[in-house]
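Morning. I have one structure to walk through, and I will keep it short. Please have a look at it before I start.

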Amino acid sequence: MAETTEQELDPQEAEKLEQIERDGAALDALIEDLSSSSRRTRQFAARVLALLARREPKILDAHVAELIDALYRPEAQTRWEVLDALAELVPDHAKEIGAAFEGAETALFDELSATLRLSAFHLLCAWGATERGRSKKVWPIIDEAIQCYHGDLEYRDMLGYLHEFAQGKIAGDVAEELAGRLQFDAENGKGSYLKARSREIYDMLAKRFKFEAPKKRARVVPKDDDIDDEEE
């Protein structure tokens with residue numbers, strides 16, 4: 001997703017960012033606003049915190065827990081702004097952000113908001129790229145998302161986040177299964193970007209992990225209980 005430029009800030013957002021720079025208490029108040037009874041107040045707070053995370057992530061070092069808690073607000077915008085903020089904090093707070101896994105997974109399969117799904121995908125890719133064990137934990141749901149959203153408009157941006165994931169400290173079997181998932185598009189993808197980007201990731205993984213024929217990950221077969229639920 002494109003980074004927000006200063007020109008895109010509305011006056012209220014710019015004023016709040018300047019206020020936080022002048023007065024540390026303003027940040028504490030903004031964090032409290034994530035728990036406001038007002039949807040608009042929560043959304044605005046999350047928006048400013050996402051902007052702040054891009055500009056000065058260190059200032060949010062003491063507030064990771066409050067951000068994770070905000071992943072359970074009902075409105076999509078608060079959640080996607082918080083997911084974007086957490087993605088910026090991954091380099092220094094990967095261990096703590098592991099607690100965001102459940103909220104991010106729920107957001108990844110939200111039926112109504114493509115923006116929310118994409119922000120969740122970004123966070124999961126960023127977090128999974130930090131350690132082999134984490135890559136193994138996120139890979140099954142990343143793989144499911146690839147299959148679910150392959151034809152959607154946000155898949156183009158998802159490929160960008162997959163490229164970042166592939167460059168990270170991921171496990172070898174995850175790398176092979178990711179390459180296997182992208183192989184068809186790398187060879188036969190419709191559209192120049194889809195094919196070229198998939199080929200770029202595939203070739204990078206093959207070179208890094210030195211495999212010739214990547215593993216194929218089978219589609220998840222639903223349990224009988226899942227099938228019954230769908231039929232009801």
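A disulfide, for our purposes, is a pair of cysteine sulfur atoms within 2.5 Å. A search of the whole structure for such pairs finds zero disulfides. Keep in mind that this is a predicted model.

Two cysteines can be placed by how much of their surface is accessible. Cys125 has a relative accessible area of 2%, and because the limit for buried is under 20%, Cys125 is buried. Cys148 is partly exposed, with a relative accessible area of 43%.

Now the overall fold. How many helices and how many strands does the chain have? The count is twelve helices and zero strands. If you read the elements from the N terminus, you get α-α-α-α-α-α-α-α-α-α-α-α. The chain has 232 residues, and 49% of them are buried. As for the surface, about 12300 Å² is exposed, with 47% of that coming from carbon and sulfur atoms. Take the contacts with a separation of 6 or more: residues 24 or more positions apart account for 69% of them.

Next, one pair of helices. Two packed helices are described by the angle between their axes and by the distance between those axes. The pair here is α7, residues 114-128, and α9, residues 155-167. Their axes come within 8 Å and cross at roughly 10 degrees. Angles under 35 degrees count as roughly parallel, so α7 is roughly parallel to α9. By class, seven nonpolar, two polar and two charged residues make up the contact between α7 and α9.

Which residues of α7 and α9 meet? On the α7 side they are Leu118, Phe121, His122, Cys125 and Gly128. On the α9 side they are Asp157, Met158, Tyr161, Leu162, Glu164 and Phe165. So the buried Cys125 from a minute ago is part of this contact.

His122 deserves a moment too. It sits in helix α7. Is His122 buried or exposed? At 14% relative accessibility, His122 counts as buried. Leaving out residues up to four places away in sequence, His122 touches Asp84, Ala87, Tyr161 and Glu164. Tyr161 and Glu164 are among the α9 residues I just listed.

Let me move to helix α5, where Leu83 is located. Leu83 is buried, and its relative accessible area is 0%. Not counting residues up to four places away in sequence, Leu83 touches Leu71, Ala104, Ala107, Leu116, Ser119, Ala120 and Leu123. The C-alpha atom of Leu83 is separated by 9.3 Å from that of Ala70, 13 residues apart along the chain.

After α5 (76-97) comes a loop leading to α6 (101-108), and Ala100 is found in that loop. Where does Ala100 fall, buried or exposed? Ala100 counts as buried, at 1% relative accessibility. Setting aside neighbours within four places in sequence, Ala100 is in contact with Ile68, Leu71, Leu86 and Leu123. Leu71 and Leu123 also appear among the residues that Leu83 touches. Ala100 and Leu67 are 33 residues apart along the chain, and their C-alpha atoms are separated by 8.9 Å.

The last residue is Lys210, in the loop between α11 (192-209) and α12 (224-231). Lys210 is exposed, with a relative accessible area of 71%. Its phi is near 55 degrees, a positive value in a residue other than glycine.

That is the tour. I can take questions now.

Note on methods: Residues numbered from 1 in each chain as written. Predicted model: local features only at pLDDT ≥ 70, side-chain atom pairs only at ≥ 80, totals over all residues. Heavy atoms only, no water. Helix = DSSP H or I, 4+ residues; strand = E, 2+ residues; numbered from the N terminus. Buried < 20%, exposed > 50% of the residue type's maximum accessible area, 1.4 Å probe, protein only. Contact = heavy atoms within 4.5 Å. Areas by Shrake-Rupley, 256 points an atom, 1.4 Å probe, with all protein chains shown as cover. Axes fitted to C-alpha atoms, helices over the stretch in contact; angles between N-to-C directions. Parallel < 35°, antiparallel > 145°, perpendicular 65-115°, else oblique. Nonpolar A, V, L, I, M, F, W, Y, C, P; charged D, E, K, R; others polar.
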